[in-house]
Amino acid sequence: METASLAMRASCSSFFSKSLSPFNTNHRTLRPCFPFYKPPIRCLDILNSDPNSQPLFKSTSEDPSGKIPSFSCSAVTSFTSHQPNISSNSREKLQLLVSEFQALKEPVDRVKRLLNYASCCPSMEASLKIAANRVPGCTAQVWLYVMMDDDQRMRFLADSDSEITKGFCSCLISVLDGATAEEVLELKTEDLGALSVVGLNGIGGLSSTASRVNTWHNVLVSMQKRTKALVAERQGRPRGEPFPSLIVNADGIEAKGSYAQAQARFLSPDPLKVQELANLLKEKKIGVVAHFYMDPEVQGVLTAAQKLWPHIHISDSLVMADSAVKMAKAGCKFITVLGVDFMSENVRAILDQGGFTEVGVYRMSNERIGCSLADAAASPAYMDYLSGASVSSPPLHVVYINTSLETKAYSHEIVPTITCTSSNVVQTILQAFAEVPNLSVWYGPDSYMGANIAELFRQMAVMTDEEIAEIHPKHSRSSIKSLLPRLHYFQDGTCIVHHLFGHEVVEKINEMYCDAFLTAHLEVPGEMFSLAMEAKRRGMGVVGSTKNILDFIKQKLQEALNRNVDDHLQFVLGTESGMVTSIVAAVRQLLGSANSSSDRGKVSVEIVFPVSSESVTRTASSSSVGLNLGDSRELMGVSVIPGVASGEGCSLHGGCASCPYMKMNSLDSLLKVCQNLPNNKSKLSAYEAGRFSMKTPNGKLIADVGCEPILHMRHFQATKRLPEKLIHQILHHSDKSKSY
């Protein structure tokens, strides 16, 4: 190894031994990996304006073996000042860095240069390689230490167990170390795009490329989060109140905040209640399908009862009906549906379509269990919207599954209709545009989802054809641009839960959780959608359905377990808080299977609830003015429960505790229904999900016509193509004699 390279490594390795502080400004101990500042070793010369100039690192010899060349630094012994060189700002340094790598034409030379950057950075002492300094979202282990010096400039120290990743960190530090906080915070992840296209990431295939791009972005985001915290501390501003959260590890569950404590209490239900329910279900052959958004008390009991009775399933709305059919095939005589009314309607209709007309379907309330989206689709405004769709040609109505069977039937008679879910809506629309020339798509009723889909397509319109083909093989940039004017969405329908993930929640996430994994349902407002999409681009987020969110958390946890190192994963839950029960159950299962060996790394998962204090209600035991709840929660000594006192469940100050409609499904109601079956059905007439005997304006049964859009979707799910019958309906829409 060349003398200069040895000198650099010696200086790096002795850095901490000479200084108690990793940012000591003594000129004899400053680390040499910040080439734009003095007195550190200047590993970069000033770039010549000539694009054909020699590389900034001057090679003193070329290793004949073809391995990494060694480089000499131009100022190894030049210590002219202990102050940072602030003659050029961070953006100028970034441009110098980009130009430096662009001057290297061969990818292998860029990799060699990157590895040389890694050699310029000192190793971090073990005491700083702690969980608090880990950078989330990187495949390799990355540690980042940040402080503000006496001149109020930011100082950064990083290390990694991967030399490539360490080189990336070193490059970022060369740009930002010694910068002002404002300079650090104004740098955007998009500004690193130029570095991502000059070959630094063009090795190792697509997954490797994405991983390396994520390294740039995730380290920068962590730098910025910690910079914000230090600025607030320097200014004497109190740190914001964190959102409540649940931490799950192999040893158990830790709740942070009263809201999380209320959730956690229901994760370990009373064994007697569990046994009572399981016995009833087994004795009377009753299946249970429940939505992810159920009350945590109900979900806690159901999750535990699954071990005693297999015909209990908690899922999103699409899978509920499928599960009901499987239960009927297995011999269940009754299906209880814990959800809103359109879910029990769908279960009833799909069971009838499958020939299980004798299987009874029961709701959990003798009152209507509504849904704000279903109500929006049943409004006169929505019918007017569809009337506009009917005069376009050829039209397709893509209706969200969160609507009533009656709405689906009426819609289908006005304009050809296919049902969708939040997990398949994008592929449904893209496939429809690919199969039907000049198609006009009319989506509804969720306005936020419609706007988010349109924004997603606008983002696709600037992607490369190769990137677009990965999303849908039949599309290109030109096809995406051409479909944008023909995509329409309803403007006046929202989910009352997701509506409240607005700007206040987004601001707090940006301030305190920007380096966490971010999950968001496709129904959230545009601000939350954009934030989650940005996180998704760097491998730190997911936007989609409840199942997509659950699968993402499981995937990231499995990746962490496979790395077999200590890790803490933090997820912001951008959907209804009822999801936590299923998440905790899945996390526990993965942690339990992985920790059979004592030498495994310790991994914990933190689920953050974006809710405010107004999203909970204090019980009588904690307040003299509290509610008389009259149920087991009071007896359990819980000081707060999810949902505000007036019952609407959501906070106007950001976040939402729960869906008020979903919480009409109680454990007491489930027990009442089960106890009265099968001999006292007369007492349950208001609970039964009846069949639609009414007819559409064209004289067809609502049950028959309303099921067809669902069956169209199921065909698409199975074949990835629209059914021929639907295409015929679209192309012959103007024909008054079209059949259904």
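Visitor: What share of the contacts in the chain with a separation of 6 or more comes from residues 24 or more positions apart?
Guide: Keep in mind that you're looking at a predicted model. Take just the contacts with a separation of 6 or more, then pick out those whose residues sit 24 or more positions apart, and you get 71%.

Visitor: Okay, and how many helices and strands does the chain have?
Guide: Both kinds of element turn up in this predicted model. The tally for the chain is 27 helices and 20 strands.

Visitor: What percentage of the residues is buried?
Guide: A residue goes in the buried pile when its relative accessible area is under 20%. The chain has 740 residues, and the buried ones make up 57%.

Visitor: How much area does the chain expose, and what part of it do carbon and sulfur atoms supply?
Guide: The chain exposes about 30600 Å². Of that area, the part supplied by carbon and sulfur atoms is 51%.

Visitor: Which helix gives the most to the largest nonpolar core?
Guide: That core holds 152 residues, and Leu302, Ile335, Leu351, Val425 and Phe457 touch the most other members. The helix that gives the most to this core supplies eight residues and spans residues 580-594: α23.

Visitor: Which residues does Ile335 touch, not counting those up to four places away in sequence?
Guide: Ile335 is one of the residues touching the most other members of the largest core. With the sequence neighbours set aside, Ile335 touches Gly287, Val289, Ala324, Met327, Val347, Leu351, Val359, Gly360, Val361 and Tyr362.

Visitor: How many residues are in the second, separate core?
Guide: Leu97, Phe101, Ala181 and Leu187 are included in it. The size of this second core is 34 residues.

Visitor: Let's stay with Ala181. Is it buried or exposed?
Guide: Ala181 is in helix α5, residues 181-186. Leaving aside neighbours within four places, Ala181 is in contact with Met154, Thr227 and Val231. Thr227 is 46 residues away along the chain, yet the two C-alpha atoms are separated by 6.4 Å. The relative accessibility of Ala181 is 6%, and the cut-off is under 20%, so Ala181 counts as buried.

Visitor: How far apart are the C-alpha atoms of His498 and Cys659?
Guide: His498 lies in the loop between β14 and α20, and counts as buried at 1% relative accessibility. Beyond its sequence neighbours, His498 is in contact with Tyr293, His521, Glu523, Val524, Pro525, Gly574, Thr575 and Glu576. Cys659 is 161 residues from His498 along the chain, and their C-alpha separation is 9.4 Å.

Visitor: Are α20 and α21 roughly parallel or roughly perpendicular?
Guide: The axes of α20 (residues 503-512) and α21 (residues 526-537) come within 8 Å, and the crossing is left-handed. His503, Val506, Ile509 and Asn510 of α20 make the contact with Glu527, Met528 and Leu531 of α21. The axes cross at roughly 25 degrees. Angles under 35 degrees set the class here, so α20 and α21 are roughly parallel.

Visitor: And α3 with α4: roughly parallel or roughly perpendicular?
Guide: The axes of α3 (residues 107-120) and α4 (residues 163-176) come within 7 Å. Residues that meet include Val111, Leu114 and Leu115 in α3 and Ile164, Phe168 and Cys171 in α4. The crossing angle is roughly 75 degrees. The range for this class is 65 to 115 degrees, so α3 and α4 are roughly perpendicular.

Visitor: What is the handedness of the crossing between α9 and α25?
Guide: The axes of α9 (residues 271-284) and α25 come within 10 Å and cross at roughly 35 degrees. Among the residues that meet are Leu277, Leu280 and Leu281 in α9 and Leu667, Leu670 and Leu671 in α25. The crossing of α9 past α25 is left-handed.

Visitor: What is omega for the cis bond joining Ser393 and Pro394?
Guide: Most peptide bonds are trans. Pro394 is in the loop between α14 and β11. The bond joining Ser393 and Pro394 is cis, with omega about -10 degrees.

Visitor: Where is Pro678, at the end of the cis bond from Leu677?
Guide: The peptide bond from Leu677 to Pro678 has omega near -5 degrees. Pro678 is placed in the loop between α25 and α26.

Visitor: What is phi of Asn438?
Guide: Asn438 is found in the loop between α16 and β13 and is exposed, with a relative accessible area of 59%. Asn438 is not a glycine, but its phi is positive, about 60 degrees.

Key
Residues numbered from 1 in each chain as written. Predicted model: local features only at pLDDT ≥ 70, side-chain atom pairs only at ≥ 80, totals over all residues. Heavy atoms only, no water. Core = buried A, V, L, I, M, F, W, Y, C linked by side-chain atoms within 4.5 Å. Buried < 20%, exposed > 50% of the residue type's maximum accessible area, 1.4 Å probe, protein only. Helix = DSSP H or I, 4+ residues; strand = E, 2+ residues; numbered from the N terminus. Contact = heavy atoms within 4.5 Å. Areas by Shrake-Rupley, 256 points an atom, 1.4 Å probe, with all protein chains shown as cover. Axes fitted to C-alpha atoms, helices over the stretch in contact; angles between N-to-C directions. Parallel < 35°, antiparallel > 145°, perpendicular 65-115°, else oblique. Left-handed = near helix turned anticlockwise from the far one by under 90°.
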